[in-house]
Structures are given as C-alpha cells and as structure tokens.
Amino acid sequence: MTQRTLITGNGAAAWGARLAGAEYMPVFPITPQTEIIETLGDWIGKGEMGGRMVTLESEHSMITAAGAGAATGVRVFTATSSQGLLYGMEMLYTVAGWRVPLVLVNVSRGLSAPITLEPDHNDILAARDSGCLQIHAATCQEVVDAILIAYRVAEDARVRLPAIVNLDGFYLSFTREPVWLPDASKVAQFLPDMDPDEFAFRADKPVSAAVAVLGGGPYSYFRYQTHLAALGAVEVFEEACVEYDRVFGRSYAPVMAHRLDDAEIVFVMMGSFATKAMDAVDRLRAQGVKAGLARPLLLRPWPQDAIRKALTGRKAVVVVDQNLSMGFGGVLRGEVASALYGQADAPGALLGYVGGLGGRDITFAEFAEMAREAETAAAGGEAPPTRLLYTQAELREVRNLQTLAHAQGLTPGGEGRS
Amino acid sequence: MYRIRFHGRGGQGMKTASRILGAAFFLEGFEVQDAPRYGAERRGAPIFAFVRADRSPILERGVIPNPDLVMVADDTLVGMPQAGVLQGLNAHAVLAIHSTTPAGEWRQRLNTDARIVILPPLFDLLDAAQRVRVSAVIAGAAACLTGRVGRDTLSQAVRTELADLTNTVIKDNINKALQAYDEMNEFKGIAEPQPRTDTPLPTGWITLGLDPATLAAPAIHAAANSVQVRTGLWRTLRPVFDYSHCNRCNWVCGSFCPDGVVSADENGWPRIDYDHCKGCMVCVAQCPKHAIQGMPEGWAAQQTMPTPPSPDRKEAAP
C-alpha cells in the first residue's frame, strides 16, 4: 500500500487504526464518525484486519472499556464525536488519570443546543483539560499520520497518556482527498508492538488501579504528575515527528508553519479550516500583503515555545477561533495571549475572531479584511474587540426563521430589540 | 480549478457519481477533492455532492458556492428552492439536466444566465431496474462536459468506484457512462474553470447585538409544526391506488404506513396524503390485493390520480 489513493478522513482514521494494529476497539456510533467503525467492522468481518471490536451501550462505557483494555496492555483504538465525547467526558478525564495509552479519534461536530451536524471545535475543546494529548489534523493525510504518531507518543514510557486525534466532520470526515497510505512494514519500524510488561495487569500480577486518595497532598501529587507527563510530551512528539519524517518522508511539527519566514501578519488557526487560511495567505501574498499562518497541530500539550517562536516579532497576530467559550470568547486566542504576555518582542497587536461555528464558511474577503484590520491595529497599537464573523445576510436569514417560528420580541421591521 | 456540483435525491447515487468523476480526474493526474452533503439524510430528500479538481494541491474546502458545472440527475429538483440547484450559477456556468424537457423550455422556465445542456434519459425512466445506473450516466456526461477525462479513464474510474459490485453490473455501468459521455460529445469541454477574482469584496459584516432570550432561544412557538415540512417532496416513487382492485381493507396499508399518511374516507376508500408520503413503498408491498402500484414521481405528477369508484365517490380524490 504505497500508492496515493482517494480516501475520506473517516477512511484515513480507520486506516490509522488498522496500520497501528489496534487490538481492541470498543465503539459506539454517532454522526459523522460512524463510518470509521463501519469500515473497521467491515475489515474485521472480512478477515483483513485482526483485533476485536465490541459495541458498547454508550460512549461512557466505551471510554471505560478503552481505558480498561489499555490497562491490560493491548493497543486500543476508539472513536466518537460531539455529544458522544461529552457523554463519555467523565471517563475521559478518568482514564487519563489511570495513565494508560490509547488513541481516540474525535470527529468534530458543533454541540447542542441548537443541535447541528457540521463542525466546530467546542466538542474537542471540552476535553482540553482532561489530561489527554490532543492533535488537530487539517487534511485526510494528516489524519492517518497523526494516529500513528499519537500511538507512539501515548505509549512512550515518559508520557503514557491517552491521545485524541481530531478531524473536522464533513470537511474531512466525508471528503475524499489523495492520501499516501503508509507502508505496513515501515509502520512496524516506526511503531513497534507496545511493550506493556511494566504496567499491564494480568491474573498472575494483580493491580488495584486508580485507587482513591484522601487529602490534597497525594491528590496534588498524582494530578501534577499527569501534567508533567503531558508537558514533557511536547518533546516526545517532536522526536516522533523527526522519526516519522525519516521513515515516511512527511514532516510535522507541534506548530505547522505556512509562509512564516518574513510574515508580518500571522493567522493562527487549527484543523481543516486552516487550509482556507493557507489559501488566503497565498492570495494575500500575491497582492503584496506579507501574510503567514501558524497552525497548532498539537493543542495539548500546548507547544508554548514553538508558538512564541512563530509569533514574536510580528506586526500583528490574528487568531481565528472555530469555537466559543461563552462569556470569554475564542479559546485559542486566550492560549496564544498567555504564551505571548510579557514577551520582549511580542507582536504589535493580537486580534481575535470567532468564525466557522457549525461549519459556517470563512471567505477570502473575510481573511483579507482581517488582515486589513490587523494592519490598522498594529499601526494604532490597539486591537479591536473579538468579532464574530457574521454578515447582514446571515442575520436576515435568522430573522426569517424567527418569524416562521413565531418567536417573541421581533419588532415589526423584522429587527430584534438590540 | 474545476468546481462541479451534483444534485439528486438520496438513493440516486450522487455520492457515487461525484466519486466516479473524482476518481477519473485523479487518474488523469489532477489533485481532487470530492464529498457528498447529506442534508436530511433520507432517501428521496434533495442531496448534493461536489468535486474539485486542479493541477495544484487544493486548499479550498466545503460547499461550492460558484460552480463551473452543475449536474442534475432528477429534473423535479430544479424548481425546488430547498434543493439549491440554481445557487451561484452565472453566465460562465453550465447547467446539465437529465430530462426529457428540451433546453429551450428550461431556459424559459428558469431565471438563469447559465448555459443549459440537456442529457436525454438513456433508459426507460419507468423501469425501476434501469434507474440504478443514473449515477454512472451523470458521471459520464460530466466527464465529457469538462473535456479533461478520456473514455478509458472514465471506464477505469467506474470500475474502481463500483469494485464491490459484480462484473456484469460494473460492465453495464461502464457502458451507460460511456453512452452518456458520447451523448454529450457536441458539448465536449464547454465546462471550464472560471477565473477567481481576488479583488477584495465587502464582507457584509455586522456586529451582532444582544437579543432578549425569548427571541434568542432556538424554539418554534407553535404546535404540530412538523406538518409544515412537506416530506412528500422527497418521493421518487408514488404509490397509486387501483380502486378497481382495492377491497377497502384500509387498515392494512394504513397500519403499515410508517408515516401515517394513509386514511380512509367516509366510505372506507383509502387515501394518501401526498404532501407527506415519502414514497417508501411499504403499502405497495403489504397490499394483499396488489392494488397499489409504485409509479415514478416525475411521471405521476403529470397524470390525473385515480379516484374511488362511484356510487361511493363523494369528493374529488387528492
């Protein structure tokens, strides 16, 4: 399998699990992830793939089973999306505390309410503080590559934490792109069988895992150990990327750069929508605007040094958040600000935009306008407040829906009371 | 970059059509992106799929607002606003409709600058066994309209995308795809990538203000509003009663109907609410007298529906 093939993001995720030799796959269906487990089930049914797949009765049980499976020393793969990730959230935090390695793929989809099918990152960001590593893929190629890298980092004795690989629903999950599927023999070289001897429990080596501790002292110790392991995972991730490049010839880094070298205006975005920013950067460059893109591939652990390196000394930084922390704003903007605060050569302005919620498109005109506002802000030294990318036409559409829905509070002109 | 949209109904194979064309472009050395957009995720509901093909890596994502080519498998969708067939069509674009209605008539009916091409049906639309080939037909026609895919490549793409099917079915689909390709020969290559304008456009941005919660909560303040969703538009087959064979045991068709759209009139004759019948054909399968037939919707829409026989006839049938 060394040829380039058209494959969906979901297909690439299934290939990642297959190539990694996942041995245990507890699963539960949810749109837009289901195709991953259908594909794996199909392969297992045809005898093309080994391992055992079990359908659980919920994501809560699924993540419990995934953690328990990993604790026995087998390689575990599982996948979910959106409400499913939230339903399993209690156990996501719990299995991270167990210090067991596994890979979970999340196919991003906006959260309820109102319910929707299309992507944004509020689901995956709800897992931000869980102790799980978090890798954000931007292409179908990155999905399969990130899964293999994720296993290597998660299983490293210095880390041993669950890892989540995120891909955007629809924009990657159902979209075919040309993908180089890694050669299975090379995968064995990059990702040898897990050596679980030092931690796996067996009948002849019983373990009471994840015991209770009373008192803040022991609790703080165990929690902080998880934090330290996650922090150290940046370096382990970098090592894995170097090795991946050596074996497969594809180069990754905690923060992916696009035309950053002499960039004055730098966009910061995660996931598949970041390719729209790459396109915009290329087009702005053609117009003489020195734009660039810094894309965190790794969100947890937060690659602070790489972020600083990418963003200091710039005229302005524009963070486009495809998520919304209610009562705060974009999560990524906050993370970036924390990395830049107090830095000697911090950028002249840090602008925040919220866009792409529920799969809402972000147009070139909008990227161009963001770059213009960034120039102005850098010249004036003051950034405008965070803006939701939203148009008059979109509000008009909502007003029509509200009229149809007999919503209270509409004025006769069709405008709200604002 | 080529930007191509396929419009059809769930079950008509628009995802497959987009994949055949995507695979064909890929075989011709293009970078490709293809994807379906499922919408209601129900058989018969409008769905679309799209293909991007370019000589350099594709960074654009998501739905295509300004297509170069729009392929329509089911001409009943053209006039349906929810299907969005005409969205973003300009004078540069080509609109190819799988239809028996001539291009001139479509031009009169539609308020569009797009160039209209008619792909005449290559099989008997009333023959259910033939209809499954529509995805190959649409893909074959699109391949020719772009002028960038050869016949051999098209055959290979059909073979790749239908690899799970039997050889007979694959060959049959290849033949249909090639037939559609040849049918479009006089229009070969008329669909061309339109240049993208990099002139900054106004964003149309507004600053969204706070609305009262009564307005800003996603609620519909009305009872029984789902009746306003005309799911009958999803129907590709229409169940039609033959009242000369119906024995008025309407609890059979009425009980099995998963959508509760079969009712009886005061004389016991069953009636169907075609505004909400999705055309699942469960009633057709269950009728003990075989008095219900599934007829293609496009054909049935032009017929007068049979009414219950007199003397029990009290009102006009729907």
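**Chains A and B: interface and a sheet in chain A**

Between chain B and chain A there are 8 salt bridges, a salt bridge being a side-chain nitrogen of Lys or Arg within 4 Å of a carboxyl oxygen of Asp or Glu. One of these joins B:K15 to A:E35, with the closest N and O atoms 4.0 Å apart.

This is a predicted model, in which local features need pLDDT of at least 70, side-chain atom pairs count only at pLDDT 80 or more, and totals for chains, interfaces and linings use all residues. Residues are numbered from 1 along each chain as its sequence is written, chains are lettered from A and ligands numbered from 1 in the order in which they are written, and side-chain values use heavy atoms, leaving out hydrogens and water.

The contact (heavy atoms within 4.5 Å) takes 53 residues from chain A and 41 residues from chain B. About 4,000 Å² is buried between the two chains, 55% of it on carbon and sulfur atoms; buried area is the accessible area (1.4 Å probe) that two parts lose on being put together, summed over both. In chain B, the residues losing the most area to chain A are B:L59, B:R61 and B:W205, together 23% of what that side buries.

Chain A holds an open sheet of 6 strands (DSSP E runs of at least two residues), ordered β9-β11-β10-β13-β14-β15 with mixed pairing; strands pair if DSSP finds at least two bridges between them. β9 (255-258) and β15 (387-388) of chain A are at the edges with a single partner strand each, so one side of each has no neighbour in the sheet. Within chain A, β13 (residues 316-321) and β14 (residues 349-354) pair in the parallel sense over 6 bridges, and A:D321 stands opposite A:V354 in β14(A).

Conventions. Helices (H or I, at least four residues) and strands (E, at least two) are DSSP runs, numbered from the N terminus.
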